[in-house]
Amino acid sequence: MNLETLKSTLPRDAMASVVVFLVALPLCMGVAIASGMPPAKGLITGIIGGLVVGALAGAPLQVSGPAAGLAVLVFELVRQHGIAMLGPILLVAGLIQLLAGRLRLGCWFRVTAPAVVYGMLAGIGILIILSQLHVMLDASPQASGLNNLQAFPAALVDALPFGAGDGWGAGLLGLMTIGSMWLWDKRKPAKLRFLPGALIGVSLATLVSLALSMDVRRVEVPANLGDAIDWVQPADLLHLLTDPTLLIASLTLAFIASAETLLSAAAVDRMHQGPRADFDRELTSQGVGNLLCGLLGALPMTGVIVRSSANVQAGAVTRMSAILHGLWLLAFVLLLTAVLQSIPVASLAGVLVYTGVKLVDLKALRGLGRYGRMPMFIYGATALAIVFTDLLTGVMIGFALTLAKLAWRASRLKISLVYDEDGRSAELRMVGSATFLKVPELSRVLASVRPGTQLHVPLEHLNYIDHACMELLDEWRAASAATGSELMLEARAVKRRLEGRVRTTVGIGSAA
């Protein structure tokens, strides 16, 4: 970027960066809390996502940082293996992303059925809601979505004024945050549309809690950001490299983070008319960012659609907006730590509950309905499996159902034999995919053809025909020649699809 271009775009990028910073500040801390990590860890990830990934990104207008979509996975990893092992897991995940980007595998990370992706996000959204409802009451979330659901009635009773706890004030602050965000999204003035609802809700809840001197949990941020850095220990890294379970965790984290990033980049591309995203470069930059976050013991990052859409809508032109938003985060943490320490944790939980509701995208479900009931079923099955088992199992179930659907469709073939009025010729109609799985059925139909029949076999209604079915037709032609039967294979419509394969087999009596 030359100096003249920088001068012309910097004012718009600077204004957009402030908007993104205001969106990112509460989300960085809220995602960290939802992940079972200190809020400062999320701020470190947001700073790296802006200053480092923003400078290297293949999607210039995409903003990277801690993502709600990974909060459930990180919470589970921390619960099972401890905070100390998150750094090595993330470091290896970053190396996988970096290697994948250098090998130009970016497009392959996007080979995911939309029903599985939307179902995964819906399942994550439900888990976030179930866990953060407890945090809104100044209580601790349980280990799983089912446990959170079962424990919520008792936690709610304890939080009421006549209960054993005192979380009712925190609950009111959380509800105030959610209500403020919803009302701001619906009624925000045109001149103030650049202000994010999360900032409005958190600011209002914080001011009310301070004015009323409410005794609620507040954000704990160290006065020195360096105190929040936990460098990866060589012993922990060596332990990871010798433990298959931890290696699978790194691979899972790399895949989900990459898929979410590249899907977000594709969505951002549809929002503006500027340069298109380079998916391989974006994947490489995410690998660098997650590698650094792993070294520092911070949260994982992805490209995030909420901050990215705010960036585009605020008028960002170049990557300087994402870089500057990281700079504002760093300056705020260094200079205004006391402000962060006054924020109620329940208010940030309210932001995450509101975000979780949006992840359960019913518009996406209705959109999948245009392609039949099966995509909607896969969406629901994936989401529920994530809620009642875990993230990896739910995603694998979604993939398995998608493959089962493809296998079922690939094996579908409708076969009918229709004779002309004179009874001397007939048409063998096949609709669908003629594969080796349908050889027995096709063989039975061919066996029922009357001797002396001229059999026409049009192939224009076939999606696919394999060698086994073509060979069966050839064998029938040879065997029935003695009875006066003739096979007329009308393959003109499938020549383009099967290319040379059909051209070598058309000679069995083609009418083409």
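Start by selecting P222: this proline is partly exposed, with a relative accessible area of 25%. The model you have open is a predicted one. P222 sits in the loop that links α8 (197–211) to α9 (234–241). Now add A40, D227, A228 and T337 to the selection, since P222 touches these once residues up to four places away in sequence are set aside. Put a distance line between the C-alpha atoms of P222 and T337: they are 7.7 Å apart in space, though 115 residues apart in sequence.

**Zoom out**

Show the whole chain as a cartoon. You should be looking at 22 helices and seven strands. Turn it around and you can follow a C-alpha trace that spans about 100 × 65 × 55 Å along its principal axes. How much of the chain is buried? Of its 512 residues, 52% are. Take the contacts in the chain with a separation of 6 or more, and 78% of them come from residues 24 or more positions apart.

**Along the first helix**

Next, select residues 3–34, which form helix α1. Look for the bend of about 45 degrees at T9; the proline P11 comes within four residues after it. Go on past the end of α1 to G36, which has a positive phi, near 75 degrees.

**Into the core**

Stay with α1 for a moment and pick out L25 and M29. Along with L43, M120, L329, L340 and L391, they touch the most other members of the largest nonpolar core, which has 92 residues. Which helix gives the most to this core? It's α5, residues 114–136, with 13 residues. In soluble globular proteins, nonpolar side chains tend to be buried together.

Pick L329 and show what surrounds it. Leaving out residues up to four places away in sequence, L329 touches F21, A24, L25, C28, L43, G46 and I47. Then jump to L442, L446, V449 and C469, which are among the 22 residues of a second, separate core.

**Helices side by side**

Color α4 (residues 83–102) and α11 (residues 279–296) in two shades. Their axes are 7 Å apart and the packing angle is about 160 degrees. That angle is over 145, so α4 runs roughly antiparallel to α11. The crossing of α4 past α11 is left-handed. To see where the two helices meet, show side chains on both: the α4 residues include G87, L90, L91, G94 and L95, and those of α11 include L283, T284, Q286, G287 and V288.

Keep α11 on screen and add α10, residues 244–269. This time the axes are 10 Å apart, at an angle of about 135 degrees. α10 and α11 are therefore oblique to each other, and their crossing is right-handed. In this contact, S258, T261, L262, A265 and A266 of α10 face you as one group to select, with F279, E282, L283 and Q286 of α11 as the other.

**Two loops with a positive phi**

From the end of α4, move into the loop between α4 and α5 and click on R104. R104 isn't a glycine, yet its phi is positive, about 60 degrees. Most residues other than glycine have a negative phi. Is R104 buried or exposed? With a relative accessible area of 61%, R104 is exposed.

Follow the chain through to the loop between α5 and α6, where you'll find D138. D138 has a positive phi of about 60 degrees too, and it is not a glycine either. Its relative accessibility is 22%, so D138 counts as partly exposed.

**Two last stops**

Carry on into helix α6 (residues 145–159) and select L146. L146 counts as partly exposed, at 32% relative accessibility. What does L146 contact, beyond its neighbours within four places in sequence? Show V387 and F388 and you have the answer. L146 and F388 are 242 residues apart along the chain, while 5.9 Å separates their C-alpha atoms.

Finish at S342, in the loop between α14 (337–340) and α15 (345–359). S342 is buried, with a relative accessible area of 16%. Display T206, S209, L210 and R218 around it: S342 touches these residues, not counting any up to four places away in sequence.

Technical notes: Residues are numbered from 1 along each chain as its sequence is written. This is a predicted model: local features need pLDDT of at least 70, side-chain atom pairs count only at pLDDT 80 or more; totals for chains, interfaces and linings use all residues. Side-chain values use heavy atoms; hydrogens and water are left out. The bend at a residue is the angle between axes fitted to the seven residues ending there and the seven starting there. A nonpolar core is a set of buried Ala, Val, Leu, Ile, Met, Phe, Trp, Tyr and Cys residues joined through side-chain atoms within 4.5 Å. Buried means under 20% relative accessible area, exposed over 50%, partly exposed in between (1.4 Å probe, protein chains only). Contact means heavy atoms within 4.5 Å. Axes are lines fitted to C-alpha atoms, for helices over the stretch in contact, and angles run from 0 to 180 degrees between N-to-C directions. Angles under 35 degrees count as roughly parallel, over 145 as roughly antiparallel, 65 to 115 as roughly perpendicular and the rest as oblique. A crossing is left-handed if the near helix is turned anticlockwise from the far one by less than a right angle, and right-handed if clockwise.
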